Amino acid sequence: MPRNLNPRQASSPDHLPNWVLSLYCEDLGPVICHLMNASYNTGIMPSVWKTANVCPVPKTTHPTCKKDWRPISLISTLGKVQERLVLNRLLPLMKPWIKDQFAYMPKSSTTAALLKAYQSWLTDLDNKQPSVVRVLLADMSKAFDKVDHGILLKHLTTRGVPTRMLTWIQSYLSGRKQRVAANGQFSSWKDVTFGVPQGGVLSPYLFLVYMSSRTTIHATTTNIGYADDIGLSRCMPCVTAETDDTMQEETAHLDSWATQNNMVMNGDKSYELRICFSRIPPVLPPLILGGKEVPVVTCATYLGFKMTSNLKWDSHISHATKKGSQRLHYLRLLAKGGMPPDDLTTVYTTLIRSVLEYANVMYVGCNKTQSKTLESVQKRASRIINRNGGIQTTARLPALKSRRDEAALKLFQQMCSEDHPLHYMTASNRQRQTGRTLRNHNHRTLPTCRTERLKNSFLFHATKLYNQSLS
């Protein structure tokens, strides 16, 4: 039993608080170990571990309807420990199945998904022939809650999951119950017949298995998935774009997959970006998803990042700067309250700088004006901290640009590993390319760029930083 359980976490319907499990772990460990082994060997998960208290948490300041509440499930801690043990065996089996998915998997992140999208678009448009990239950012309605247990178990069976594990997962999914808990009152129990359990350790990975059956028709289609967020894109020459229906074929294929797997696509909540730098962009037919026309926009939020049809970062940097500036208000209040400078610096780095640096490697090649816009927020924060007695605070806060460069270099070094999902982007070192051991044989070849857009991209700047670090 783990000792570091949060003792303040609310207990589940089994009424077994975390502080008891943490304090008496040595006494309870052998008993719980025997219970979990028996559960896995018999393929039966105890029913008390399959119950949940659903606590509504408001999404807005003044909630007025059901949509303004977010349901948070509290499930058994022992049940989650059992899930972790099963996941340790399931995850090595899953890795070969999961492709084009950047959620929950090792070395994957939203930043990796965004980089794959941006680099593919920039590369496709870096040619002499005028081209247009059609990007579909598809929305699924309550995807986690609509997972069909029968279809999920079929996917696991066809992929060769051991019978004992499959039997336990079937027991894990079936017979689940939940009730609403609010203000010390409880509703009646309701059966959960669809979806993966919210708050579970195993649930996200079972959802990835469910989504792994989604494919594309054309091999040249860029396919990016982050849990239930789907991004599809295709590049086509402008001269044939008006009659090219391959993107609509991909959209129809996605619709067909959703129907077969009891999912619902929201066409009106999805977005299409059309990226074209031709003087006269082609007139393209609309995409139909979920029986509705997908709206065409010039700026859309995907995985928390502001994407624009001109592939510039002004919208995202402006959004991050505005959000970070608003949070400076809390820093001022804490400074007036007498908080020490070191603590104020911690508040800044966790609450404000994290906003300014979200996916910061995306715009590692931003211009001086954009960089100064971001740095201005940090300078204002430094002045607030300095007024409170922190004379040397500015020296302790490295420039955001240097941190962007460090993050880009670190990510590129990780990408050089063959098991990284973006390894295909990195060029081999010059020794492998030439077969000769030269002075710079460990350097990576810079991507060939025709346009400044591609030269300002992550891959070009990160490769330069990597070669400079070797020198």
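A residue counts as buried when its relative accessible area is under 20%, and as exposed when that area is over 50%. Values in between are called partly exposed. That scale will help in reading this structure, which is a predicted model.

Start with the whole protein. It has 471 residues, and 47% of them are buried. The fold contains 17 helices and 14 strands. Along the principal axes, the C-alpha atoms fill a box of roughly 65 × 65 × 60 Å. How does the radius of gyration fit a compact globule? A compact globule of 471 residues would have a value near 23 Å; the protein has 25 Å, which agrees.

Next, look at the contacts. Take those with a separation of 6 or more. Of these, 71% join residues 24 or more positions apart. The outside can be described too. The accessible surface comes to about 24,300 Å². Carbon and sulfur atoms account for 53% of that surface.

Now turn to one annotated region. An unreviewed UniProt entry carries the annotation "domain: Reverse transcriptase" for residues 38–307. This span is 33% helix and 28% strand. The C-alpha atoms at its two ends lie 51 Å apart.

Helix α7 covers residues 203–211. Is this helix enclosed or open to the outside? Nine of its nine residues are buried, so α7 is largely enclosed by the rest of the structure. The run begins with Ser 203, Pro 204 and Tyr 205, which are buried. Leu 206, Phe 207 and Leu 208 are buried as well. So are Val 209, Tyr 210 and Met 211.

What surrounds the helix? The buried residues of α7 pack against several helices: α3 (77–94), α5 (149–158), α6 (163–173) and α9 (246–260). They also pack against two strands, β3 (131–140) and β8 (229–237).

Finally, consider the cysteines. A disulfide is a covalent bond between the sulfur atoms of two cysteines. How many disulfides does a search of the whole structure find? The search finds zero. Cys 235 is in no disulfide; the nearest cysteine sulfur belongs to Cys 238 and is 8.4 Å away. A disulfide needs the two sulfur atoms within 2.5 Å, so a pair at 8.4 Å does not qualify. Cys 235 has 27% relative accessibility and therefore counts as partly exposed. Cys 299 is in no disulfide either. Its nearest cysteine sulfur, that of Cys 366, is 17 Å away. With 32% relative accessibility, Cys 299 also counts as partly exposed.

Conventions:
Residues numbered from 1 in each chain as written. Predicted model: local features only at pLDDT ≥ 70, side-chain atom pairs only at ≥ 80, totals over all residues. Heavy atoms only, no water. Buried < 20%, exposed > 50% of the residue type's maximum accessible area, 1.4 Å probe, protein only. UniProt positions renumbered as here; feature names shortened; annotations may be inferred. Helix = DSSP H or I, 4+ residues; strand = E, 2+ residues; numbered from the N terminus. Contact = heavy atoms within 4.5 Å. Rg over C-alpha atoms; globule rule 2.2 N^0.38 Å. Areas by Shrake-Rupley, 256 points an atom, 1.4 Å probe, with all protein chains shown as cover.
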